[in-house]
Amino acid sequence: MRPPETNELLLIRHALADHGGRLCGRTDVPAMLPSEPDLAPLRGWLSGCSSVVSSPARRCLQTAGALFPETVVATDERLWEQDFGAHDGLRFSELPDLGVLDRETLAAHSPPEGESFAAMVRRAQPALKALAARARAGGPVAVVAHAGTARAALGLALELPSAGLGFEIAPLSVTRLRCHEGGLSVIATNWAGPGA
């Protein structure tokens, strides 16, 4: 498998979160990292990244440390997961059923005391655009963050933020975006690394 190309922005979702069956947008839970033999192929493939930026969440920093042990990892607050407000920390079985919503309505929905997906996208987009510009200038650039962050980047690539909600993002998967002068194109989603 060829290494990532210089104009790639690589969004890596953190390893499985130790959430105990609860929603953990801003709740700072640890990651459950896989074994060293399971991590080694992805770490090797990512070794050519020119820079690494992480959400400040513990689960992201632990994942970044495991994948980039010799790299100084910068953090950016704008890469945090969506703030689910009063729903954060609820058991998944306790979350209210919103019924069937189209993507635009779902993107605009804010949990009590929280932020909507659309608001999270507005928060994350300036950081994602700056990182894409960095990748164009001499990447590849790795971003270790959340499912919501990867969805925000996909919405940016598709020029329709709510379209990002149409993607499921697996733990420890890579969303690969090519960075062009005019925007982003999608290479792959849920890519698990070489040999996967």
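Select S54 in strand β2 (residues 51-54) and then T75 in strand β3 (residues 74-75), because S54 stands opposite T75 in β3, where strands are DSSP runs of E of at least two residues and helices are runs of H or I of at least four, both numbered from the N terminus. The model is a predicted one, in which local features need pLDDT of at least 70 and side-chain atom pairs count only at pLDDT 80 or more, while totals for chains, interfaces and linings use all residues. Residues are numbered from 1 along each chain as its sequence is written, and side-chain values use heavy atoms, with hydrogens and water left out.

Widen the selection to the whole of β2 and β3, which pair in the parallel sense over two bridges; two strands count as paired if DSSP finds at least two bridges between them. Adding helix α2 (residues 58-67) completes a right-handed β-α-β unit of β2, α2 and β3, right-handed meaning that, with the strands pointing away from the viewer, the path from the first strand over the helix to the second runs clockwise.

Stay on β2 and colour its side chains by face: S51 and V53 on one side, and V52 and S54 on the other, are all buried, that is, under 20% relative accessible area, with over 50% counted as exposed and values in between as partly exposed (1.4 Å probe, protein chains only). In a regular strand the side chains alternate between the two faces of the sheet.

Next show strand β4 (residues 141-145), which runs parallel to β2 and is joined to β2 by four bridges; the bridge partner of S51 there is V141.

Now display the full open sheet, whose six strands follow the order β3-β2-β4-β1-β5-β6 with mixed pairing. β3 and β6 stand at the edges with a single partner strand each, so one side of each is left without a neighbour in the sheet. Towards the β6 edge, strand β5 (residues 174-180) and β6 run antiparallel and are joined by six bridges, and R178 can be found opposite S185 in β6.

For the last stop, which residues make up the one aromatic pair? Rings of Phe, Tyr and Trp (its six-membered ring) pair if their centres lie within 6.5 Å, and planes under 30 degrees apart count as stacked, over 60 as edge-to-face and the rest as tilted. By this rule the count comes to one aromatic pair: the rings of W45 and W191 have centres 4.3 Å apart and planes at 50°, so the pair is tilted. W45 lies in helix α1 (residues 36-46) and W191 in strand β6 (residues 183-191), so the pair ties together parts that are 146 residues apart in sequence. W45 is buried at a relative accessible area of 6%, and W191 is buried at 14%.
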